[in-house]
Amino acid sequence: MRKKILVTGGAGYIGSHTTIELMAAGFDVIIADDLSNSNEKVVDRMEQIAGTRPAFEKINLADEAAVTDLFNRHRHIDSIIHFAAYKAVGESVAKPLLYYKNNLLTLILLLEQVKKHRIPGIIFSSSCTVYGQPDNLPVTEETVFKPAESPYGKTKQMGEAILRDSCLADNDLHAIALRYFNPVGAHPSALIGELPNGTPSNLVPFITQTAAGIRDQLHVFGDDYKTPDGSALRDYIHVVDLAKAHVAALARLLNGKQKSNYEYFNIGTGKSLSVFQLIKEFEKVNAITLNLKVTGRRTGDIEQIYADTTLANSELGWKAELGIDEMMRSAWSWQQKIR
Ligand code: UD1
């Protein structure tokens, strides 16, 4: 029988790409999303790509009665992938209560349903932000967390703690946290991609909007870091590779292959790239020259981080395959098609 997966935030950037990979792998998907940072057209486009339409539930997952009702109507869910969360670092500094309430309450309500309905497992969207600015690079899963730089980052640290403690207390609960590095790029069909709300705060949407003439100038936040070219280093990963990591993690959960009932993996490429290198790659593959200006560092930014992906490679049997050229090409194709 086909397995049924509940994907919260499935109309969002990473959620929509993951839904496509899940459907391609033969899963039935139910998306639960409040469309606060997306729209229902995304579901139409997923249907266009996959040939089948995922079930869709418009729901606020912080509403306990609505969540209870959702699980009463959808029996026999085999697993949950929980993407639904707020993710704007700057906004989280301005509105911490909104972030703590939404990001933590949704997770707690879902875990209560997991226990009540004996759902075999849950995959949680964590982030490399849990490491703060680490002393040693690359970071492994055992790298000790530094204080997170923002309430958003703290919700990811706390989310992992909630999962760890819940799994310790209950051997029947199975969870995997995936610590994403910097997801960029879009589906090769250019039918789905990142849809930033208002002025983008992330680098790649800002680049593509500058290239499209929506923004006058791209600001490079700092060229005085202790890195080879002075700009900050990150591990950029193609969103399609990231989506596939979820399918691999799900297979591990559903096939009972976990070594303990709570596991966590770094999901990156293992390569670091500077802001200047990424911009050059975008300009090269798309034959575009961007109008840049170096400005001061952005508050809360860390200097550098990239992943040791050995554990995900060996345990999940997954590896990032797409290069920065493909990330930059697909990001631009998507920008040109956004409607
Ligand atoms: C951060 C978090 C990540 C989180 C994401 C959500 C870390 C290490 N990463 O990503 O977990 O999911 O926010 O938003 O905490 N930059 C510019 N000009 C711009 C925009 C960005 O130079 O207009 C630079 C930044 O200073 C940074 C790099 O580009 O060095 C990447 O920035 P961004 O795309 O915002 O991602 P992170 O801040 O790394």
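**Exercise 1. Find how E4 and E5 pair, and place E4 among its neighbours.**

Strands E4 and E5 pair in the parallel sense over 3 bridges, where strands (E, at least two residues) and helices (H or I, at least four) are DSSP runs numbered from the N terminus, and where two strands pair if DSSP finds at least two bridges between them. The model is a predicted one, in which local features need pLDDT of at least 70 and side-chain atom pairs count only at pLDDT 80 or more, while totals for chains, interfaces and linings use all residues. Residues are numbered from 1 along each chain as its sequence is written, and side-chain values use heavy atoms, with hydrogens and water left out.

Step 1. Take Ile81 and look for its bridge partner in E5, which is Ile123.

Step 2. Turn to E1, which runs parallel to E4 and is joined to it by 4 bridges; here the bridge partner of Leu6 in E4 is Ile80.

Step 3. Ask which residues of E4 (residues 79-82) lie on each side. In a regular strand the side chains alternate between the two faces of the sheet. Ser79 and Ile81 are on one side of E4, Ile80 and His82 are on the other, and all are buried, so that both faces are covered; buried means under 20% relative accessible area, exposed over 50%, and partly exposed in between, with a 1.4 Å probe and protein chains only.

**Exercise 2. Follow the chain from E1 through E2 to E3.**

Step 1. Strand E1 (residues 4-8) and E2 pair in the parallel sense over 5 bridges, and the bridge partner of Ile5 in E2 is Val29.

Step 2. E1, helix H1 (residues 13-24) and E2 make a right-handed β-α-β unit; a crossover is right-handed if, with the strands pointing away from the viewer, the path from the first strand over the helix to the second runs clockwise.

Step 3. From E2 the chain crosses through helix H2 (residues 41-50) to E3, and this β-α-β crossover is right-handed.

Step 4. E2 and strand E3 (residues 55-58) pair in the parallel sense over 4 bridges, with Phe56 in E3 as the bridge partner of Ile31.

Step 5. Why is E2 (residues 28-33) largely enclosed by the rest of the structure? The reason is that 5 of the 6 residues of this strand are buried.

**Exercise 3. Assemble the sheet and add a helix to it.**

Step 1. Write the strands in their order: 7 strands form an open sheet, E3-E2-E1-E4-E5-E6-E11, and the pairing is parallel.

Step 2. Identify the edges, which are E3 and strand E11 (262-267), since each pairs on one side only.

Step 3. Add the twist, which averages 20° from one strand to the next.

Step 4. Examine strand E5 (residues 122-127) and strand E6 (residues 175-180), which pair in the parallel sense over 6 bridges; the bridge partner of Ser127 in E6 is Tyr180.

Step 5. Place helix H6 (residues 151-169), which packs on the sheet and touches E5, E6 and E11, with a direction that makes about 150° with that of E5.

**Exercise 4. Describe how H3 packs with H5.**

Step 1. Two packed helices are described by the angle between their axes and the distance between the axes. Helix H3 (residues 64-73) and helix H5 (residues 96-116) pack at an angle of about 35°, with their axes 10 Å apart; axes are lines fitted to C-alpha atoms, for helices over the stretch in contact, and angles run from 0 to 180 degrees between N-to-C directions.

Step 2. List the residues that meet (contact means heavy atoms within 4.5 Å): Glu64, Val67, Thr68, Phe71 and Asn72 in H3 face Leu109, Leu110, Glu112, Gln113 and Lys116 in H5.

**Exercise 5. Examine the backbone at Arg118, Ala287 and Pro138.**

Step 1. Most residues other than glycine have a negative phi, and most peptide bonds are trans.

Step 2. Arg118, in the loop between H5 and E5, has a positive phi of about 50° although it is not a glycine, and Arg118 is exposed, with a relative accessible area of 70%.

Step 3. Ala287, in the loop between H9 and strand E13 (292-295), has a phi near 50° and is exposed, with a relative accessible area of 72%.

Step 4. Pro138 is found in the loop between E5 and H6, and the peptide bond from Leu137 to Pro138 is cis, with omega near -5°.
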